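Work through the exercises below with the structure in view, and try each task before you read its solution.

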Amino acid sequence: MSDEELPDTFLDHETYGYPRTFDPNFKGPVAKRSCTDVLCCIIFILFIIAYILLGLVAWVHGDPRRVAYPTDSKGHFCGQKGTPNENKTILFYFNLFSCTSPSVVVNLQCPTTQICVSKCPEKFLTYMEIQFMYRTNKHYWMYYSQFCKSPFVKPAKTVTQVLLDDDCPIAIFPSKPFLQRCFPDFTTKNGTLTVGNKTIFEDGSGKKRNAIELRRAANRVNKILDARAIGMKVFEDYATTWYWILIGLTIAMLLSWLFVILLRFTAGFLFWVFMVGVIGIIGYGIWHCYQEHSNLQGRPNSHLTIYDIGFQTDISMYFQLKQTWFAFMIILCLLEVFIILMLIFLRERIRISIALLKEGSKAIGYLPTTLIYPVLTFIFLSICIAYWAVTAIYLATSGVPIYKVISPERTCKHENTTCNPEIFNTTEIARVCPGAQCNFAFYGGKSLYHQYVPTFQMFNLFVFLWLINFIIALGQCALAGAFASYYWALKKPDDIPQYPVFTAFGRAIRYHTGSLAFGSLILALIQMFKLVLEYLDHRLKEAQNNISKFLQCCLKCCFWCLEKMVKFFNRNAYVMIAIYGKNFCRSARDAFNLLMRNVLKVAVMDKVTDFVLILGKILVAGCIGVLAFLLFTHRLPVMIEGPTSLNYYWVPLLTVIIGSYLVAHGFFSVYAMCIDTIFICFCEDLERNDGSREKPYFIAPTLHGTLNKMQLVPLKQKE
């Protein structure tokens with residue numbers, strides 16, 4: 001078939017502005033190559049060296065114990081082994097009501113004494129009550145004195161002296177540990193907030209207080225807690241369920257592997273298994289949400305909204321509301337309807353996807369080592385994530401303890417100045433500002449290194465994004481080179497070169513590190529800018545007007561679209577790099593031109609197949625998620641006994657679901673890369689060859705026949 005006989009979609013016309021320059025004798029990935037984008041490669045290597053040096057410097061100055069343990073007013077760690085506070089793992093606030101002071105927002109510290117204790121108070125007691133009780137039973141004072149700075153033989157001091165010397169709290173309330181800190185034990189009864197079954201109580205200074213005031217103070221403390229402390233609560237659940245999580249991820253890996261193998265032989269049947277499985281799992285989720293919603297009918301307080309109960313440290317309280325389950329049910333119903341509609345409107349194009357899946361399965365069958373490559377990518381990504389996290393922690397904990405003057409009423413002129421807690425009571429500040437305290441504020445310093453710690457954190461994040469995108473790009477280029485070798489082998493598998501994955505990986509590292517770094521740098525810059533926008537939105541949320549919020553939403557939407565577009569073009573550029581060995585810009589241009597000349601087939605073949613693979617990932621994650629849900633909620637007691645005493649069962653459950661999806665994504669991403677590469681090669685094949693004996697098509701006869709029926713390729717090859 002001549003060029004004049006080909007449909008316009010397949011021609012490389014001069015009108016497109018892309019003159020044909022292809023080698024007619026081209027038979028696969030170019031073997032003779034040269035290094036591309038050398039300047040970007042050098043810059044990338046220099047950034048990696050600087051990143052390693054930054055990690056070493058942070059390791060010298062940082063102390064991760066400051067993340068693992070809360071710190072009292074003197075800067076001592078609670079619960080650290082080998083110290084007097086070894087058995088005192090919880091931080092206790094003397095006067096939580098003082099945390100409503102405006103200084104909390106300014107200084108990020110509650111202006112009250114904080115000490116380490118072994119357990120939280122379990123009852124209401126005031127210092128004045130203890131003085132009377134001590135005369136009849138000394139046991140009460142022994143219980144109360146554990147919440148004082150130092151042990152006392154008896155409560156001989158007056159309340160005024162205790163307040164001035166700050167030796168003991170003037171009152172304690174029933175509390176529970178949260179984030180290794182004592183917080184009041186709030187409960188809701190008949191819509192009324194209570195603490196220890198009381199709504200009104202004495203605060204120790206003769207004033208009557210209510211539970212709402214106490215919760216307001218507790219919420220202030222919650223806002224100033226560093227986000228890194230949240231992980232301490234979740235860590236307990238991970239310590240209990242880590243082996244169950246590993247078992248779930250292992251099953252997800254085996255299930256994904258099984259699906260990949262079965263796709264080669266039963267792609268059509270397995271596709272409908274995907275469809276029925278996904279629809280069934282979502283249907284089960286809808287049914288479960290409906291059951292939970294029905295079970296809450298008539299229960300007290302179940303009619304309350306999330307806004308009514310506000311912030312709660314016990315996440316399970318949200319699952320006791322009908323509104324929560326109703327929202328989940330609506331979301332799942334919309335997802336179910338969306339999938340069914342997609343199946344109805346794409347039913348014809350799904351036949352092409354099944355043909356592509358069969359061809360991809362055949363390629364993976366000839367190149368089985370490609371299924372192992374995601375493990376290598378996972379190892380590289382794990383190393384990068386671990387290095388970034390450790391470096392960030394060491395940078396955040398660099399410095400020495402800094403103490404600042406804190407006054408409850410903010411009337412002291414020395415407010416927020418640095419001080420020395422050892423000699424603070426003998427200084428002029430203590431005399432001029434009665435009630436002021438010298439409390440631990442943060443870790444820092446005045447050296448050049450400490451002044452640039454925020455900049456180092458930004459550099460740490462940027463290089464992390466660059467490395468992550470580079471590793472993904474390296475995997476895409478290596479797999480594309482291997483699958484291109486398969487496609488351009490006329491006699492399969494005889495013409496497939498030996499060790500195609502290893503060869504393609506070596507070519508990508510040796511010749512195209514600069515090009516891969518160039519493409520990943522563009523993506524990292526876009527992602528970095530998105531993170532900066534999110535940060536500014538979080539910090540300026542209260543100060544924004546409607547116009548600025550609208551503009552920020554537009555910027556977020558634009559950068560989200562830009563990121564998706566760059567990812568798509570980068571992916572196809574890496575395929576062209578793997579085939580031709582050109583630099584990034586030229587490969588991206590050639591890939592763009594090729595896709596524009598075949599835009600109809602892009603819409604018909606490529607994206608529909610991606611939709612099928614996404615459903616496969618959802619099926620794997622859904623199957624493992626249902627099993628994990630039944631296990632962690634103790635609904636499989638007959639078959640197997642799950643973990644007990646979990647704080648939040650949804651923590652390991654979400655970990656298993658997200659982890660299973662990522663595992664499935666790792667395996668199905670090989671499929672996606674295979675199909676994308678075959679698609680690019682298929683478009684090149686149609687432009688290079690005409691189906692004659694001299695220039696036969698390299699496309700598989702079965703796939704060629706399916707595409708013939710859809711009229712997406714020339715009807716027959718030339719004799």
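On a 1 Å grid over the protein atoms alone, a pocket is an open set of points with protein on both sides within 12 Å along at least five of seven lines, whereas a cavity is a set of points where a 1.4 Å probe fits but cannot get out; lining residues have an atom within 4 Å of a point. This is a predicted model, in which local features need pLDDT (the predictor's confidence in each residue, from 0 to 100) of at least 70, side-chain atom pairs count only at pLDDT 80 or more, and totals for chains, interfaces and linings use all residues. Residues are numbered from 1 along each chain as its sequence is written, and side-chain values use heavy atoms, with hydrogens and water left out.

**Exercise 1.** Describe the lining of the second largest pocket.

*Solution.* Begin with the residues: 46 of them line this pocket, and Ile472, Leu662, His665, Gly666 and Ser669 lie nearest its centre. Next, turn to the helices (DSSP runs of H or I, at least four residues, numbered from the N terminus), where helix 20 gives the largest share of the lining, 13 residues. Finally, sort the lining by class, with Ala, Val, Leu, Ile, Met, Phe, Trp, Tyr, Cys and Pro as nonpolar, Asp, Glu, Lys and Arg as charged, and the others, Gly among them, as polar; this yields 26 nonpolar, twelve polar and eight charged residues.

**Exercise 2.** Which residues line the second largest cavity, and which helix supplies the largest share?

*Solution.* First, list the lining, which consists of Arg33, Cys477, Gly481, Ala504, Arg507, Ala508, His512 and Ala578. Then assign the residues to helices: helix 16 supplies the largest share, four residues.

Notes: Helices (H or I, at least four residues) and strands (E, at least two) are DSSP runs, numbered from the N terminus.
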